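Hi,

I have a structure to hand over to you, and I would be glad if you could take a look. Please open it first; my notes come right after.

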Amino acid sequence: MKYKSILDAIGHTPIVKIPFDSDANIYAKLEYLNPGGSVKDRSALYMIEQAEKNGDLKPGGTIIDASSGNQGIAVAMIGAIKGYKVIITVAEKISTEKLKTLQAYGAEVVVCPVTMMIDDPENYHAQALALHAKTPNSFMPNQYFNINNRYAHYHSMGPELWEQSEGKITHFFAGAGTGGTVSGVGTYLKEKNPDIKVIAVDSNCSFRATKGHPRPYDVEGMGVDFDSEVLDYNIIDEFVEVSDAQAIEMLKILAHKHGLLVGPSSGAVAYAVEAYKSKLGEGDLAVFICGDSGRAYLSKDFYGQ
Ligand SMILES: Cc1ncc(COP(=O)(O)O)c(C=O)c1O
């Protein structure tokens, strides 16, 4: 493919059949092949371009957002091309690689303590809001509360998966952080075929999974810690909750056996596919999202020998 800009190279990622022991056809969608290295390139681009269209983001402006890393990296990459200053707040559990990647694109990074409650003023989301309030000519994509996050995936990955599977997809598995991916893609697919099952993968320690009593967890990007319109519960048929240990165990299998060097949220999603597998039958076509690359986590030593 030949593109005029790196922004046009966002999306169009392949699906690859993975020989899981199942009668169903199971495919991984390699979102880590996006130019910024994750599924978040899609949502960041859409939210930024909508803001440019409606005047919320003006030339010379600053983009500020809270991110587990990947949304920030996507914003930093897009900000670099479009000439915006970028400030990203992150929780201190972020991998060194993601932190350095943000800085490599020229973004300013504010590292915040890990807190589980959104209203804690130390929280990375609260700190981004505070920075936005005091920075003139700034725009906050606000991925947890911006409905365009969901629409990004509705317009981009939804049609892509429908075409790639030639309309045969029966099950869609995605990690839920903001819920934008699972809700946006899920909505599109169910409009095409209401029988398609949409499975959201969550951390077993998240705000949602613990019914409001979250515990710290290591998996980055995934985990429903905020309730917002972006996550559309009506679209989700089932949540599968996965522990850090289960996600990491699966990560190693994906790398050692299937040649997929992916991040912990992909390990969690693949674990959920394994856990769900007995419900898949011949003729089913399941797709699971590999949201980012394992190269962003090598310093965390997840992969063993
Ligand atoms: C690697 C990875 N997987 C999954 C997700 C969850 O995606 P969403 O926020 O669309 O629910 C994220 C979000 O940051 C991510 O970075």
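Below is what I found, beginning with the domains and then turning to the ligand.

Please keep in mind that this is a predicted model. The domain assignment splits the chain into domain 1 (6-39 + 150-300) and domain 2 (41-139). Taken over C-alpha atoms, the centres of domain 1 and domain 2 are 23 Å apart.

The two domains also touch: 32 residues of domain 1 are in contact with 23 residues of domain 2. On the domain 1 side of this contact, helix H5 (residues 147-155) gives the largest share, with three residues. Sorted by class, that side of domain 1 has 15 nonpolar, eleven polar and six charged residues.

Now for the ligand. There are 20 residues around the ligand, and the closest are Gly177, Thr178, Thr181, Gly221 and Gly291. Two elements give two or more residues to this shell, namely helix H2 (70-82) and helix H7 (180-192). Of the elements, H7 provides the largest share of the shell, three residues.

Which domains does the shell around the ligand draw on? Both domain 1 (6-39 + 150-300) and domain 2 (41-139) supply at least three residues each. As for the classes, the shell around the ligand holds 14 polar residues, along with four nonpolar and two charged ones.

If you have the structure open, a good place to begin is the ligand, with Gly177 and Thr178 among the closest residues.

Happy to hear your thoughts whenever you have time.

Best wishes

Definitions and conventions: Residues are numbered from 1 along each chain as its sequence is written. This is a predicted model: local features need pLDDT of at least 70, side-chain atom pairs count only at pLDDT 80 or more; totals for chains, interfaces and linings use all residues. A residue is near a molecule or strand if its C-beta atom, placed from the backbone, lies within 6 Å of it. Helices (H or I, at least four residues) and strands (E, at least two) are DSSP runs, numbered from the N terminus. Ala, Val, Leu, Ile, Met, Phe, Trp, Tyr, Cys and Pro count as nonpolar, Asp, Glu, Lys and Arg as charged, and the others, Gly among them, as polar. Domain bounds come from an automatic or database domain assignment. Two residues are in contact if their C-beta atoms, placed from the backbone, lie within 7 Å.
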